[in-house]
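Dear colleague,

Here is the structure you will be working with, followed by notes on what was found in it.

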Amino acid sequence: MKIFTKKVGIRLKGLFKDLFEKALYITGNKLDNLAVGISFVSGDEIKALNKEYRNVDKVTDVLSFPMLDIDYKKTKLIDFEGEREPNGQLYIGDIVICKDKAKEQAKDFGHSYKREIAFLALHGFLHILGYDHIEKLDEEVMMNLAKNILINLNIKRGKNV
């Protein structure tokens, strides 16, 4: 998997790769030559994106911009093989994280910044894979999936993580 980054350090890039690879495997979406973008932005930047794309005029923690119309109940990445770029790469979407909001939430939830960033990146990635939390049952599916992936990678709540 290729991860294109903006304002992301090398250690976090490795963390994202581990999270995304595990998510692809667990959700049955493991394919070769996938690509995703992930960026860190300020509160002002994510507020502007939130307003432009969701018509919500406030700062949020993470936004996802899927490139494919996936519904986890009906489709998988394999169904989009025809969408590959000429170089064979399948670009599946972009994730934007507000690092200021992540720091604030890490403090509020009593765990590390790394754990909060991991959760937000994974949350955004699951949206790209067609998961959502509009309906209660879908929210439970998405949150349980995220929890299991984080635990599987030994990323736990707590100050030491």
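Please keep in mind that this is a predicted model. A convenient place to begin is Phe16, which touches Ile3, Val8, Ile38, Phe40, Ile117 and Ala121, leaving aside residues up to four places away in sequence. Phe16 is also among the residues with the most contacts inside the largest nonpolar core, together with Leu19 and Phe20. That core has 42 residues. Two or more residues are given to this core by each of α1, β2, β4, α4 and α5, and the largest share, 9 residues, comes from α4. Another core, of 5 residues, lies apart from it, and includes Val41, Ile46, Leu63 and Val96.

Helix α1 covers residues 10-26. Its 17 residues should span 24 Å at 1.5 Å a residue, so the 24 Å between its end C-alpha atoms agrees with expectation. The buried residues of α1 are Leu12, Leu15, Phe16, Leu19, Phe20, Glu21, Ala23 and Leu24. They pack against β1 (2-6), β2 (34-41), β4 (90-98), α4 (113-128) and α5 (136-152). Just after α1, Gly28 has a positive phi of about 75 degrees.

The other item concerns α3 (residues 99-109), which packs against α4 at an angle of about 120 degrees, with the two axes 8 Å apart. The crossing of these helices is right-handed. On the α3 side, the contact is made by Lys99, Ala102, Lys103, Gln105, Ala106 and Phe109; α4 contributes Tyr113, Glu116, Ile117 and Leu120. By type, the residues of this contact are 6 nonpolar, 1 polar and 3 charged.

Regards

Methods:
Residues numbered from 1 in each chain as written. Predicted model: local features only at pLDDT ≥ 70, side-chain atom pairs only at ≥ 80, totals over all residues. Heavy atoms only, no water. Helix = DSSP H or I, 4+ residues; strand = E, 2+ residues; numbered from the N terminus. Expected span 1.5 Å × (residues − 1). Buried < 20%, exposed > 50% of the residue type's maximum accessible area, 1.4 Å probe, protein only. Contact = heavy atoms within 4.5 Å. Core = buried A, V, L, I, M, F, W, Y, C linked by side-chain atoms within 4.5 Å. Axes fitted to C-alpha atoms, helices over the stretch in contact; angles between N-to-C directions. Left-handed = near helix turned anticlockwise from the far one by under 90°. Nonpolar A, V, L, I, M, F, W, Y, C, P; charged D, E, K, R; others polar.
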